[in-house]
Amino acid sequence: MSLKLVKQHRSFGGEQCKYNHYSEVLQCDMTFSIFLPSNKEMKKIPLIWWLSGLTCTDDNFSQKSGFQRLAEKHQVAVIIPDTSPRGENVADDEAYDLGQGAGFYLNATQAPWAKHYKMYTYIVDELTAIASTLVPNFSGEESLMGHSMGGHGALVIGMKNATRFKAISAFSPIVNPSQVPWGIKAFSSYLGEDKASWKEWDASELVKGATIPPILITQGNQDEFYPKQLEETIFLENARENHQVVNYKKVDGYDHSYFFIATFLDDHFAFHIQYLKK
């Protein structure tokens, strides 16, 4: 494994690290960030995954949210993957919402995307194996957080692996991608025109499952992408009909930015901790 430590910074007593490695799944070099708490008491450490939104890299959350204070307080590790495969030989598009920076956390089946765009398998298998070697005294307990496209990713990955992840939370997630412009564009390109295949990657369909982890969603009512891209009605109706535990909070005055995320991050960490450290 070609794992290389690129940067390391002390933060709130823990270590914020950036790594580079070659991904066999994505067939390109990839970068990810991980925060490792101080663990002075040598206790078992759980892991939270943060999945970022369109155009983001692993730097956005690590540099803008201030999450390290909370991760150190609660003694949890946090891993932040990139949002897509990248590189000169990786398929791309001129638009911000397709191609590099817009992997949508799925496994593409259509050319030219299928060769590299397998972010689901990369996270669930390959990066998971790497993370398990980096977290000291790893407890094996995991949960997922995400924002926008990353909120979609957190919901999909969490519900498709319901016995693995203890909880899911999301800020402004794309909860019904099959019915909104961002999702329709991405799914048509990555998965093809057979809409039956889209259901596997749509949270509004997956929430019908027999058992899923508890979910917390926070959505600002001044979000510039709400409701056009982030419409929640079908998702919440399906959750209610299938008796799923979903706490959907709409908050006044907040937009789609990291100012919004930073404001409610305490709530999301507290939500995760109650399931990770039972």
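Of the 68 residues in the largest nonpolar core, which touch the most other members? The legends below take up this question and others, for a model that is predicted.

**View 1. The largest nonpolar core.** The residues that touch the most other members of this 68-residue core are F104, M159 and Y190. Helix α3, which spans residues 119–134, supplies the largest share of the core, with 9 residues. Apart from this core there is a second, separate one of 21 residues, which includes L70, Y258, L265 and I273.

**View 2. The surroundings of M159.** Leaving aside residues up to four places away in sequence, M159 touches I168, A203, L206, V207, I212, P213, I215 and F235. M159 is also one of the residues named for touching the most other members of the largest nonpolar core.

**View 3. Strands β4, β6 and β7.** Strand β6 covers residues 138–147 and pairs with β7 in the parallel sense over 5 bridges. Strand β4, residues 45–51, is joined to β6 by 6 bridges, and these two strands also run parallel. Between β4 and β6, I45 has F138 as its bridge partner. Between β6 and β7, G146 stands opposite A170, and H147 has F171 as its bridge partner.

**View 4. Strand β7 within the structure.** Strand β7 runs over residues 165–171, and 6 of its 7 residues are buried, so the strand is largely enclosed by the rest of the structure. A170 of this strand stands opposite G146, while F171 of β7 is the bridge partner of H147.

**View 5. The surroundings of H147.** H147 is found in strand β6. Its relative accessible area is 5%, and H147 is therefore buried, the cut-off being under 20%. Not counting residues up to four places away in sequence, H147 touches W50, L51, S52, G53, F171, S172, H256, Y258 and I261. Among these contacts, F171 is also the bridge partner of H147 in β7, and Y258 is included in the second, separate core.

**View 6. The largest pocket.** The volume of the largest pocket is about 240 Å³. Its lining is made up of 16 residues, and those that lie nearest the centre of the pocket are L54, C56, H147, F225 and H256. By class, the lining holds 7 nonpolar, 7 polar and 2 charged residues. H147 and H256, both named among the residues nearest the centre, also touch each other.

Conventions: Residues are numbered from 1 along each chain as its sequence is written. This is a predicted model: local features need pLDDT of at least 70, side-chain atom pairs count only at pLDDT 80 or more; totals for chains, interfaces and linings use all residues. Side-chain values use heavy atoms; hydrogens and water are left out. On a 1 Å grid over the protein atoms alone, a cavity is a set of points where a 1.4 Å probe fits but cannot get out, and a pocket is an open set with protein on both sides within 12 Å along at least five of seven lines; lining residues have an atom within 4 Å of a point. Grid points are joined across faces, edges and corners, and a volume is the space filled by probe spheres set on the points. Ala, Val, Leu, Ile, Met, Phe, Trp, Tyr, Cys and Pro count as nonpolar, Asp, Glu, Lys and Arg as charged, and the others, Gly among them, as polar. A nonpolar core is a set of buried Ala, Val, Leu, Ile, Met, Phe, Trp, Tyr and Cys residues joined through side-chain atoms within 4.5 Å. Buried means under 20% relative accessible area, exposed over 50%, partly exposed in between (1.4 Å probe, protein chains only). Helices (H or I, at least four residues) and strands (E, at least two) are DSSP runs, numbered from the N terminus. Contact means heavy atoms within 4.5 Å. Two strands pair if DSSP finds at least two bridges between them.
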